[in-house]
Amino acid sequence: MDRAAHKREDPAWFDAALADARSRALPVWNSRNLVLEGDAPRAVLLELAAVPAELRDTDHLVLLGRLGESYCFAYEIDAIEAPELLAGARFEDLRLLASRLPADEAGLLAYARAMLTWRRRHRYCGSCGAPTLPARSGHALVCSSASCRAEQFPRIDPAIIVLVSDGERALLGRQAAWAPGRYSTIAGFVEPGESLEDAVVREVFEETGVRANRIEYHSSQPWPFPASLMLGFTAQALTTEVQLHDEELEDARWFTRAELAKGGIILPPRQSISFSLIEHWFDAGAHGRLREIDRAQSGQQPR
């Protein structure tokens, strides 16, 4: 996807995309994306002609960018019941489906969902309360009041996610709503006036009572539920006693590589940043490759 952000202020770019027969559209209904079901689900990109005529304008379409030879739009369906747009396709929750989609398609659907969620939540100006109007090919909202004209842009909420280790063990926790036996890395939102490193230290202590230092950046992953960016870190434990301070977690425990290799717990999906963090730590030991072990075990455990 070429987002072509430098062209968003050019109305001719939007008009050209709207007139191009190769253009495609990603519908979103009730914060759900349209996918073709099956053992290997795929994202559905509709022909622009399939979008109702009253929605094919700058007020309803967001021009995401160019995908290969096609322009790509996103639009929201405002209806109580999900419409049937394509045989074999259904609107599904991306949180449950992302790990089974090709990475580029999951990213594209996340992009569409995040943009439309932002637009839906900012229909009125936060300064004066007047309705907002879309601008910049759908990537900005401008107050309609001539005396205000405040602009709003999409925002993301930074969140840290961290694999804490004491060398031979990794600290993992679980929420009560998760499937029995599932554990993952520690995560939480960054607060105002706080560095990423400070957020790591605070969240680990608040959720588990463990003190951590030697924080190192690992990788990131967009998480548009509704608008987060997961920033992954590794950290070294200064203390090891676990105390569940803020009741965010139902349980938190230390796990050795041998325990993870035995398959006693259910790990996060292999496409998630949490799995990547655990994998980074696990593969530094002498118990094999976590991805291969987890793949072999996945036929026995739900993913």
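Is Glu191 buried, exposed or partly exposed? In this predicted model, Glu191 comes out as partly exposed, because its relative accessibility is 43%. The residue forms a salt bridge with Arg202, and the closest N and O atoms of the pair are 3.7 Å apart. Glu191 sits in the loop between β13 (186–189) and α4 (196–208), whereas Arg202 belongs to helix α4 itself, so the bridge ties together parts that are 11 residues apart in sequence. Arg202, for its part, counts as buried, with 16% relative accessibility. The pair does not stand alone: salt bridges with shared partners link Glu191, Glu194, Arg202, Glu203 and Glu206 into one network.

Across the whole structure, the search turns up 19 salt bridges. In general, side chains of opposite charge can pair when their charged atoms come close. Another of these pairs is made by Asp93 and Arg113, with 3.7 Å between the closest N and O atoms. Here Asp93 lies in the loop between β7 (89–92) and α2 (94–97), while Arg113 is part of helix α3 (residues 103–121), so this contact ties together parts 20 residues apart in sequence. Asp93 is classed as buried because its relative accessibility is 12%, under the 20% cut-off. Arg113 is buried too, with a relative accessible area of 7%. Then there is Glu92, whose side chain meets that of Arg90 in a salt bridge of 3.8 Å, N to O. Glu92 is partly exposed, at 21% relative accessible area.

Turning to the strands, β14 (residues 212–223) and β15 (residues 228–237) pair in the antiparallel sense, with nine bridges between them. A hairpin of four residues takes the chain from β14 to β15. Within this pairing, Pro222 has Leu229 of β15 standing opposite.

A further set of strands, β8, β9 and β10, makes an open sheet of three, in that order and with antiparallel pairing. The edges are β8 (132–135) and β10 (151–152), each of which pairs on one side only. Strand β9 (residues 140–143) is joined to β10 by two bridges, and the two run antiparallel. Leu141 has Gln152 as its bridge partner in β10.

The loop between β8 and β9 holds Ser137, and this residue is worth a look. Ser137 counts as buried because its relative accessibility is 9%. The side chain of Ser137 reaches the backbone oxygen of Arg8 at 3.1 Å. Leaving aside residues up to four places away in sequence, Ser137 touches Arg8, Trp13, Phe14, Leu61, Val62 and Leu63. Arg8 thus appears both as a contact of Ser137 and as the residue whose backbone oxygen the Ser137 side chain reaches.

On the surface, Met1, Leu45 and Leu67 form a nonpolar patch, together offering about 220 Å² of accessible area. Leu45 is found in the loop between β3 (42–43) and β4 (46–47). With a relative accessibility of 31%, Leu45 counts as partly exposed.

Key
Residues numbered from 1 in each chain as written. Predicted model: local features only at pLDDT ≥ 70, side-chain atom pairs only at ≥ 80, totals over all residues. Heavy atoms only, no water. Pairing = 2+ DSSP bridges. Patch = residues over 30% accessible without salt bridge, like charges linked within 9 Å, V, L, I, M, F, W, Y side chains within 5 Å. Areas by Shrake-Rupley, 256 points an atom, 1.4 Å probe, with all protein chains shown as cover. Salt bridge = Lys/Arg side-chain N within 4 Å of Asp/Glu carboxyl O. Buried < 20%, exposed > 50% of the residue type's maximum accessible area, 1.4 Å probe, protein only. Polar contact = N/O pair within 3.5 Å; in protein donor to acceptor, adjacent residues only side chain to side chain. Contact = heavy atoms within 4.5 Å.
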